Amino acid sequence: MDTKILLENGTNELEVLEFLLDNNSYGINVAKIKEIINYMPVTPVPNAHPSIEGIFMPREQMITAIDLKSCLQRGTSEAGGLFIITNFNSLDIAFHVDSVVGIHRMSWTDIITPDATVSSESVASGIIKVDNKLIVILDFESIVSNINPETGLRTAQLDELGERERCDIPILIAEDSPLLNRLIVDALHKSGYSSLIHTANGQEAYDIIEHFKEEGTLSEHVQCVITDIEMPLMDGHRLTKLIKTDDATKHIPVVIFSSLVNDEMRVKGEQLGADAQLSKPEIGRLVSVLDELLRDKQ
């Protein structure tokens with residue numbers, strides 16, 4: 001299946017691949033997918049996590065295969081079906097699924113965020129309704145992090161930065177994952193950045209920018225923006241475009257900090273005017289980039 005469907009930059013649209021497990025519909029952002037291939041035998045790895053089926057080498061590249069059915073506590077997959085090979089957080093990982101239904105194009109405003117009745121340990125990042133059918137969009141970063149926490153933010157990198165002076169330059173953060181939002185805020189506080197506003201999506205961040213712009217106090221409250229790409233209501237690319245096409249805000253540095261930063265996404269971010277783009281594990285590099293971008297403001 002061709003997953004390289006190109007979207008115009010900054011339109012707040014995404015494409016979701018619908019796939020099946022036990023006849024239940026789940027979804028993944030097409031931007032995470034490298035390719036979809038037929039199931040092939042894998043080599044088990046001793047003492048690996050129970051959800052790891054093993055490893056295999058298509059095109060001479062070693063890839064870890066994860067049994068998605070096992071991750072969702074719905075049993076164990078049998079031989080057959082498909083591998084969805086993904087790339088995010090600078091990792092290539094194959095997820096074993098039963099079958100693929102198709103691709104749905106929609107706006108981030110169409111994504112329904114699961115409410116508080118859903119367990120905090122849920123790996124559902126959103127829900128979409130298509131033809132009276134609910135499709136659960138899975139948080140693949142969380143799934144992989146649950147299997148191996150070392151794939152998450154590399155906070156140990158912060159220790160290498162040594163003692164830091166306090167910096168009160170105001171930074172606005174847009175990140176929909178409550179866990180990552182908190183980790184980023186904690187990491188920046190530890191690095192000396194003390195004036196932080198954190199929001200759950202691009203729309204909230206943009207509303208704050210517009211509010212302070214109307215007040216005439218924007219420079220007092222927002223001098224840099226850090227944004228994820230995948231977020232409900234408004235994604236990071238749309239937020240970047242809105243900031244960089246407004247004469248009143250285009251001077252504000254925008255740093256895209258996302259698991260989706262790969263070669264293709266980097267080009268999109270550059271075209272939208274992003275000042276820097278980093279893959280999510282690189283929290284130490286994020287601090288270094290902020291230091292560089294904000295050096296003249298200190």
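Here are some numbered notes on this structure, which is a predicted model.

1. Let's start with the overall picture. The protein has 298 residues, and 52% of them are buried. Its secondary structure comes to 8 helices and 15 strands. If you take the contacts with a sequence separation of 6 or more, 66% of them are between residues 24 or more positions apart.

2. Now for one of the sheets. Five strands, in the order β3-β6-β7-β5-β4, make an open sheet with mixed pairing. The edges are β3 and β4 (52–56); each has a single partner strand, so one side of each has no neighbour in the sheet. Going from one strand to the next, the twist averages 25°.

3. Have a look at the β4 end of that sheet. β4 and β5 (residues 63–67) run antiparallel and are joined by 4 bridges. For a pair to find on screen, try I52, whose bridge partner in β5 is I66. A helix comes in here too: α2 lies across β4, β5, β6 and β7, and runs at about 100° to β7.

4. There is another open sheet of 5 strands, in the order β8-β1-β2-β10-β9, again with mixed pairing. Its edge strands, β8 (99–107) and β9 (124–130), each pair on one side only. Here the twist averages 35° from one strand to the next. Inside this sheet, β2 and β10 (residues 133–138) run parallel, with 2 bridges between them. Y26 has V136 of β10 as its bridge partner. As a reminder, strands of a sheet pair through backbone hydrogen bonds, either parallel or antiparallel.

5. Which residues touch the most other members of the largest nonpolar core? They are F19, L68, F95, L138 and F140, out of 23 residues in that core. Two or more residues each come from β1 (13–21), β2 (24–29), β3 (33–38), β6 (82–88), β7 (91–97) and α2 (140–147). The largest share, 4 residues, is from α2. L138 is a good one to click on: leaving out residues up to four places away in sequence, L138 touches F19, Y26, G27, L68, L72, V123, S125 and I143. Apart from this core lies another one, of 22 residues, with I173, C224, L286 and V289 among them.

6. Next, strands β13 and β14. β13 (residues 224–227) holds T227. β13 and β14 run parallel and are joined by 3 bridges, and I226 has V255 of β14 as its bridge partner. How many of the residues of β14 are buried? The count is 5 of 5. Both faces are covered, with V254, I256 and S258 buried on one side and V255 and F257 buried on the other.

7. T227 deserves its own point. Is T227 buried or exposed? With a relative accessible area of just 1%, T227 counts as buried, because the cut-off for that is under 20%. Residues up to four places away in sequence aside, T227 touches A174, G236, L239, T240, V254, V255, I256 and F257.

8. Some of those contacts lead us to helix α6, where 7 of 9 residues are buried. The buried ones are G236, H237, L239, T240, L242, I243 and K244. What covers them includes β11 (171–174), α4, β13, β14 (254–258) and α7.

9. How do α6 and α7 sit relative to each other? Helix α6 (residues 236–244) and helix α7 (residues 263–272) pack at an angle of about 20°, and their axes are 9 Å apart. That makes α6 and α7 roughly parallel, because angles under 35 degrees count that way. On the α6 side, H237, T240, K241 and K244 make the contact, and on the α7 side M265, K268, G269 and L272 do. Sorted by class, the contact has 2 nonpolar, 3 polar and 3 charged residues.

10. Last stop: Q203, in helix α4 (residues 202–215). Its relative accessibility is 27%, so Q203 counts as partly exposed. Not counting residues up to four places away in sequence, Q203 touches L233 and M234. Q203 and L239 are 36 residues apart in sequence, yet their C-alpha atoms are 7.5 Å apart in space.

Notes. Residues numbered from 1 in each chain as written. Predicted model: local features only at pLDDT ≥ 70, side-chain atom pairs only at ≥ 80, totals over all residues. Heavy atoms only, no water. Core = buried A, V, L, I, M, F, W, Y, C linked by side-chain atoms within 4.5 Å. Buried < 20%, exposed > 50% of the residue type's maximum accessible area, 1.4 Å probe, protein only. Contact = heavy atoms within 4.5 Å. Pairing = 2+ DSSP bridges. Axes fitted to C-alpha atoms, helices over the stretch in contact; angles between N-to-C directions. Parallel < 35°, antiparallel > 145°, perpendicular 65-115°, else oblique. Nonpolar A, V, L, I, M, F, W, Y, C, P; charged D, E, K, R; others polar.
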